[in-house]
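Here is a friendly walk through one protein model, meant to be read with the structure open beside you. We begin with a single side chain and work outwards to the whole chain.

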Amino acid sequence: MTIDAFEKQAPRLRALALQAAATAGADADTAEDIAQETMLRLWQMRDDPRLYNPDGYASTIARHLTLNRLRRKPPLPLDERQAVSQTVPSPLDIIVQREDERWLQERIRNLPSTLHAVLHMRQVEHRSNAQIADILGIAPASVNTLLARARRQLLEEIRQYRKK
């Protein structure tokens, strides 16, 4: 096959490779990769006299590449409980997480007003230290100190909470 003939057939062959990969079970991104690899292999075979049916070769190559990729994926667990436990948190985990969030919110609300204001502006409102300093009328270095103090206080309370 000449280069010009291959270039004319390439869009059709690529579409066939995409279709074969999708039919064999590849997702859209994987099908694109397989179509590209199929086209590369067909390009390498363009002078081979056995390439009398490029459409069939494109589909076969794409299907085989897809099956090879699917075989390399790790198998899914057979135990249904294991699969569910890996994807869905248990009710107990949800309750514990909610309690932890409530506890932390309460501790943040109980911070001294300046520490609470600085922490809120930084973490929730995403303000810069310079903006916080302008709003509160303090030096930017003081903002760093107040943030560090608020975080340290919360960290100590978390450590105490975890020890229980």
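Does Phe6 count as buried or exposed? At 6% relative accessibility, Phe6 counts as buried, because the cut-off for that class is under 20%. Please keep in mind throughout that this is a predicted model.

## The aromatic pairs

Phe6 is a good place to start, since Phe6 and Trp43 form an aromatic pair. The structure holds two aromatic pairs, and they are set out here.

| Pair | Geometry | Centre to centre | Angle between planes |
|---|---|---|---|
| Phe6 and Trp43 | edge-to-face | 5.2 Å | 65° |
| Trp103 and Tyr161 | stacked | 4.2 Å | 20° |

The pair of Phe6 and Trp43 links distant parts of the chain: Phe6 belongs to helix H1 and Trp43 to helix H2, with their positions 37 residues apart in sequence. While Phe6 is buried, Trp43 is partly exposed, with a relative accessible area of 30%. Trp43 has a further partner: the charged end of Arg46 sits over its ring, 3.8 Å from the ring centre.

The pair of Trp103 and Tyr161 also links distant parts of the chain, this time helix H5, which holds Trp103, and helix H8, which holds Tyr161; the two are 58 residues apart. Here Trp103 is buried, at a relative accessible area of 15%. Tyr161, by contrast, is partly exposed, at 22%. Why is Tyr161 partly exposed? Its 22% puts it in that class because buried means under 20% and exposed means over 50%.

## Helix H2 and its surroundings

Now follow Trp43 back along its own helix. Helix H2 covers residues 28–44, which makes 17 residues. From its first C-alpha to its last it reaches 25 Å, close to the 24 Å expected at 1.5 Å a residue.

Which residues of H2 are buried? They are Ala31, Ile34, Ala35, Thr38, Met39 and Leu42. Seen down the axis of H2, these buried residues fall within an arc of 140°, so they line one face of the helix. The face turned away from that buried side carries the exposed residues Asp29 and Gln44. Among what covers the buried residues of H2 are helix H1 (3–23) and helix H3 (54–72).

Two residues of H3 let you see this in closer detail. Leu65 lies in helix H3 and counts as buried at 9% relative accessibility. Not counting residues up to four places away in sequence, Leu65 touches Ile34, Glu37, Thr38 and Arg41. Leu65 and Ala35 are 30 residues apart in sequence, and their C-alpha atoms are 9.3 Å apart in space.

Thr66 also has its place in helix H3, and it is buried too, with a relative accessible area of 2%. Leaving aside neighbours within four places in sequence, Thr66 is in contact with Ala21, Ala24, Gly25, Ala26 and Ile34.

## Helix H6 and the loop after it

Further along the chain, helix H6 spans residues 113–123, and its buried residues are Leu115, Val118, Leu119 and Met121. Viewed down the axis of H6, they fall within an arc of 165°, so they line one face of the helix. What covers them includes helix H5 (91–109), helix H7 (129–136) and helix H8 (140–163).

His126 is worth a look in the loop between H6 and H7. Its phi is near 55°, a positive value in a residue other than glycine. Is His126 buried or exposed? With a relative accessible area of 64%, His126 is exposed.

## The whole chain

Stepping back, the protein has eight helices and zero strands. What is its radius of gyration? The value is 30 Å, well over the 15 Å that the globule rule gives for 164 residues, so the protein is more spread out than a compact globule. Along the principal axes, the C-alpha atoms fill a box of roughly 85 × 45 × 20 Å.

You can trace one separation across this model yourself. Asp93, in helix H5, is partly exposed, with a relative accessible area of 45%. Asp93 and Leu16 are 77 residues apart in sequence and 48 Å apart in space, C-alpha to C-alpha.

Two totals complete the picture. Buried residues make up 23% of the 164 residues. Among contacts with a separation of 6 or more, residues 24 or more positions apart account for 60%.

Conventions: Residues are numbered from 1 along each chain as its sequence is written. This is a predicted model: local features need pLDDT of at least 70, side-chain atom pairs count only at pLDDT 80 or more; totals for chains, interfaces and linings use all residues. Side-chain values use heavy atoms; hydrogens and water are left out. Helices (H or I, at least four residues) and strands (E, at least two) are DSSP runs, numbered from the N terminus. The expected span of a helix is 1.5 Å times one less than its number of residues. Buried means under 20% relative accessible area, exposed over 50%, partly exposed in between (1.4 Å probe, protein chains only). The arc is that of the directions from the helix axis to the C-beta atoms. Contact means heavy atoms within 4.5 Å. Rings of Phe, Tyr and Trp (its six-membered ring) pair if their centres lie within 6.5 Å; planes under 30 degrees apart count as stacked, over 60 as edge-to-face and the rest as tilted. A charge sits over a ring if NZ of Lys or CZ of Arg is within 6 Å of the ring centre and within 35 degrees of the ring normal. The radius of gyration is taken over C-alpha atoms; the globule rule is 2.2 Å times the number of residues to the power 0.38.
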